[in-house]
Each structure stands twice: as C-alpha cells, then as structure tokens.
Amino acid sequence: FPVAAVVTQPDRPKDRGRQLVPSPVKQFALEHSLPVLQPTKLREAEPDIRLFAPDVIVVAAFGQIVPSAMLTIPPHGCVNLHGSLLPKYRGRCPVNWAIIHGETETGATLHYMTEKPDNGDIVAQQAVPILPNDTALEVFQKVTVAAEMALNAVLPALLSGKAQAVKQDLSQGAYFGGRKA
C-alpha cells in the first residue's frame, strides 16, 4: 500500500549528549524515500498532513494525542494500533499492566480514534499468549507482530471504506497510567 508520509517524533539527544538521533521510524522512512514530518506538537503538522490527503491515518506508539481536527482529515478515518485486547488496559503501558495483573493473554487492537483515547470502535484484534516466564520485552515483541498481522488483515477493507467495526464495551476494561518503576 502506498504511504503518503510518515509523521514521527523529533530527533532526540543520544545518551543525554548533544548528538541528535533519529527514531527508527524516521530511519525506515528515509531508507524508503518517504516524506518525513517531525513536529514538536502534532497540530503543527496538520496543514502538511492535509496536503498529503491521506485515505486513512494509522497511528502507532506516537506518544501525543491526535487533535480532533486531524481526526476528520482522512475519508476512511484515523486508526490506532494499541498494545492490548481492548477494552482491557486502555491508556499507557498496556503490556506491563497485563503482566502485572497476571494475564495469560494480551494482543493488539486496531481501533478508530476518537477524542477520548483508546475508546473507538474496534476494526481488528490479534491475540498473543503471555507465558509464565515472558519478560515485558518478549510480550511487547509478540504484540508488535500481532499489530502487524491485524493491520495487514484489515487494511484493504479500511482503504475501501468497508471495514467492519465493533463498539467497545468500556465496562470490560479501564484506563491505566504510565509506569513509574
């Protein structure tokens, strides 16, 4: 599928030094000759994103709330890849929280974005097991593969406007904050 542009975080200092290091997303985009936008605040990129006229916007681990005006840009919606089987573990660090709560399964969810994070209708999910000795990194790596599978499975339907969406039962989960330790 053609990618119009990639939006990623600004380059960050390496090891508290002065040398700026691009994100892996930026590196990949540049290797594939894709336009890259790196706004400090996402709303700064809205005019440029409108010019690219995307059919759909896919967000993954961006770390900023997408402004409501931007949610209306693509005709087939904005979707987010979330690292849990929503509606469980909405919010931050879903893999960590699933492990802490003793879950034996988690996964990835692709859902339409709304003004409230992680509460839009679900268009795809892919489960993965959490084994007794799995580390958070190992589960995160499984969830990353699951996210890729979920997106690949539903992207044709998203782009044609025929994706089937299921409303979340928000009473079956909760929001969780970032981890401190």
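**Cysteines.** I looked up Cys-78 and found a relative accessible area of 3%, so I entered Cys-78 as buried, the cut-off being under 20%. The model is a predicted one, and I read every value below in that light. I then turned to Cys-93, which has 27% relative accessibility and therefore counts as partly exposed, between the limits of 20% and 50%. I searched the whole structure for disulfides and noted zero. Such a bond would be a covalent link between the sulfur atoms of two cysteines.

**Secondary structure.** I recorded five helices and ten strands in the protein chain.

**Overall dimensions.** I checked the radius of gyration of the protein chain, which is 17 Å. For 181 residues a compact globule would come near 16 Å, so I noted that the value agrees with that expectation. I also took the extent of the C-alpha trace along its principal axes, and it spans about 45 × 45 × 25 Å.

**Burial and surface.** I found that 38% of the 181 residues in the protein chain are buried. For the exposed surface of the protein chain I entered about 10,900 Å², with carbon and sulfur atoms supplying 56% of that area.

**Contacts.** I considered contacts in the protein chain between residues at least 6 apart in sequence, and 59% of these join residues at least 24 apart.

**Charges.** I counted 17 positive and 16 negative charges in the protein chain. I then compared the mean positions of the two sets and found them 7 Å apart.

How values were computed: Residues are numbered from 1 along each chain as its sequence is written. This is a predicted model: local features need pLDDT of at least 70, side-chain atom pairs count only at pLDDT 80 or more; totals for chains, interfaces and linings use all residues. Side-chain values use heavy atoms; hydrogens and water are left out. Helices (H or I, at least four residues) and strands (E, at least two) are DSSP runs, numbered from the N terminus. The radius of gyration is taken over C-alpha atoms; the globule rule is 2.2 Å times the number of residues to the power 0.38. Buried means under 20% relative accessible area, exposed over 50%, partly exposed in between (1.4 Å probe, protein chains only). Contact means heavy atoms within 4.5 Å. Accessible areas come from the Shrake-Rupley method with a 1.4 Å probe; for residues, only the protein chains shown count as cover. Lys and Arg count as positive and Asp and Glu as negative; His and the chain ends are not counted. The place of a charge is taken as NZ of Lys, CZ of Arg, CG of Asp or CD of Glu. A disulfide is a pair of cysteine sulfur atoms within 2.5 Å.
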